[in-house]
Amino acid sequence: MKTMQLANGFATQTEDIDLSKPLDDDSFETIRDLWMENRVVVFPEQQLDDDQLIAFTERFGPLFVHAQASLLTTYKRKEVMELSNLDGVARPVEYELDWHTDQTYTPQPVFATILYGIVAPKEGGQTLFSDLAGAYASMPDDMRKKVDGVSAVYSAEPRPKARETPLTEEEKARILDCAHPLIRTHPYLDRKALYLSPLHIKTIGNLSEDESFEFLKELTAHATRPEHVYRHTWSVGDVVMWDNTSVMHSRTQMPSGEKRYLKRTGFYLPDELAVPF
Ligand SMILES: O=C(O)CCC(=O)C(=O)O
Ligand SMILES: [Fe+2]
């Protein structure tokens with residue numbers, strides 16, 4: 001398989017793979033290894049219907065369904081979310097989105113998220129990735145001491161109310177705050193990463209909310225230094241798959257008038273590896 005490195009020590013792009021066909025065992029293993037090693041893989045020029053997108057996703061693990069069901073109402077199948085600002089969609093997704101890691105506010109967060117580009121903006125609406133494994137490796141000792149053995153408490157209500165999708169009463173009762181370690185060991189690799197979701201962290205260790213916020217800013221600044229970031233500019237047909245145990249992501253602003261439409265799936269870890277450790 002031909003690949004091209006996209007960023008400093010992580011993120012890669014394949015050049016000759018068609019995801020619409022069922023993957024044989026060898027191709028599957030190769031892609032899985034490539035993805036876990038590189039945390040982010042871009043598969044350009046794909047053409048997938050929903051069944052094919054689901055079949056590809058499901059090959060890797062149990063299909064993800066979003067904890068916040070109110071986010072799903074724009075689409076037919078609960079395993080496929082739509083991020084769209086095309087005319088007529090009920091809730092246009094076109095706002096900037098702060099750094100986060102998916103579903104950290106659940107006890108067993110989703111392993112991978114997959115986005116598939118159907119309409120790409122000419123400008124803006126990039127997806128940015130921060131390499132949290134690289135950020136762990138480059139972390140200064142004094143910072144590492146402050147995260148080693150420490151947990152953070154996560155909440156589904158985003159800190160700045162950026163998402164315009166507040167929890168319903170039912171969701172508030174069901175999706176409770178939960179804690180995860182700030183240093184996470186990869187479920188399959190001998191590799192540690194900072195585990196961070198700035199959009200969702202409420203408190204860190206014994207710090208107050210204000211102190212936690214200050215420390216979180218320091219950690220985020222370190223993790224998003226340019227050498228740890230890959231910026232993905234969307235083209236129609238791109239499939240981008242990332243490892244939520246090892247990267248966090250954000251979305252940049254889009255000039256008004258730009259159109260963007262992505263479909264989104266994901267898969268979970270098996271239960272015995274699913275709780276971050
Ligand atoms: O729209 C994007 O670029 C990213 C959206 C996002 O955070 C996600 O799908 O998890
Ligand atoms: Fe996300």
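Author: Two strands count as paired if DSSP finds at least two bridges between them. The model discussed here is predicted.

Reader: What makes strand 6 and strand 16 a pair?

Author: Seven bridges join strand 6 to strand 16. The definition asks for at least two, so the two strands pair, and they run antiparallel. One of the bridges sets Ile114 opposite Thr265 of strand 16.

Reader: What packs on the sheet?

Author: Helix 1, residues 25-38, touches strand 1, strand 2 (12-14), strand 3 (40-43) and strand 14 (239-243). Its direction makes about 130° with that of strand 3. Helix 2, residues 50-58, lies across strand 6 and strand 16 and runs at about 30° to strand 16.

Reader: In which order do the seven strands of the open sheet stand?

Author: The order is 1-2-3-14-6-16-4, with mixed pairing.

Reader: Why are strand 1 and strand 4 placed at the edges?

Author: Strand 1 (3-5) and strand 4 (81-84) each have a single partner strand, so one side of each has no neighbour in the sheet. Neighbouring strands of this sheet are turned by 20° against each other on average, direction ignored.

Reader: How do you know that strand 7 pairs with strand 13 and with strand 15?

Author: The bridges are counted for each pair. Strand 7 shares four with strand 13 (residues 229-232) and five with strand 15. Set against the minimum of two bridges, both counts suffice, so both are pairs. Strand 7 runs antiparallel to strand 13, and its pairing with strand 15 is in the antiparallel sense as well. Leu128 has bridge partners in both: Arg231 in strand 13 and Ser250 in strand 15.

Reader: Why is strand 7 called mostly covered?

Author: Strand 7 spans residues 127-131, and four of its five residues are buried. A residue is buried if 20 or more other C-beta atoms lie within 10 Å of its own.

Reader: What makes Phe64 buried or exposed?

Author: Phe64 has 24 C-beta neighbours inside 10 Å; the cut-off is 20 or more, so Phe64 counts as buried. Phe64 lies in the loop between helix 2 and strand 4. Not counting residues up to four places away in sequence, Phe64 touches Val110, Thr265, Gly266, Phe267 and Tyr268. The C-alpha atoms of Phe64 and Pro109 are separated by 9.5 Å, with their positions 45 residues apart along the chain.

Reader: Why is Thr12 called partly exposed?

Author: Thr12 has 18 other C-beta atoms within 10 Å. Buried needs 20 or more and exposed needs 12 or fewer, so Thr12, with 18, is partly exposed. Thr12 lies in strand 2. Leaving aside neighbours within four places in sequence, the contacts of Thr12 include Thr3, Met4, Gln5, Leu34 and Val41. The C-alpha atoms of Thr12 and Val93, 81 residues apart along the chain, are separated by 26 Å.

Reader: What is noted about the backbone of Ala11 and of Arg39?

Author: Ala11 has a positive phi of about 70° although it is not a glycine. Arg39, likewise not a glycine, has a positive phi of about 65°. Ala11 is in the loop between strand 1 and strand 2, and Arg39 is in the loop between helix 1 and strand 3.

Reader: Are those two residues buried or exposed, and why?

Author: Ala11 has 23 C-beta neighbours inside 10 Å, so it counts as buried. Arg39 has 28 and therefore counts as buried.

Reader: Which residues surround ligand 1, and how do they divide by class?

Author: The residues are Leu83, Leu97, Asp102, Thr113, Leu115, Thr127, His249, Arg251, Leu262 and Arg264. Strand 6 (112-119), strand 15 (247-251) and strand 16 (261-267) each give two or more residues to this shell. By class there are four nonpolar, three polar and three charged residues.

Reader: How do you know whether the chain agrees with a compact globule?

Author: For 277 residues a compact globule would have a radius of gyration near 19 Å; the chain has 18 Å, so the two agree. The C-alpha trace spans about 50 × 40 × 35 Å along its principal axes. Of the 277 residues, 38% count as buried. The chain holds seven helices and 16 strands. Among contacts between residues at least 6 apart in sequence, 81% join residues at least 24 apart.

Terms used. Residues are numbered from 1 along each chain as its sequence is written. Chains are lettered from A and ligands numbered from 1 in the order in which they are written. This is a predicted model: local features need pLDDT of at least 70, side-chain atom pairs count only at pLDDT 80 or more; totals for chains, interfaces and linings use all residues. A residue is near a molecule or strand if its C-beta atom, placed from the backbone, lies within 6 Å of it. Ala, Val, Leu, Ile, Met, Phe, Trp, Tyr, Cys and Pro count as nonpolar, Asp, Glu, Lys and Arg as charged, and the others, Gly among them, as polar. Axes are lines fitted to C-alpha atoms, for helices over the stretch in contact, and angles run from 0 to 180 degrees between N-to-C directions. Two residues are in contact if their C-beta atoms, placed from the backbone, lie within 7 Å. The radius of gyration is taken over C-alpha atoms; the globule rule is 2.2 Å times the number of residues to the power 0.38.
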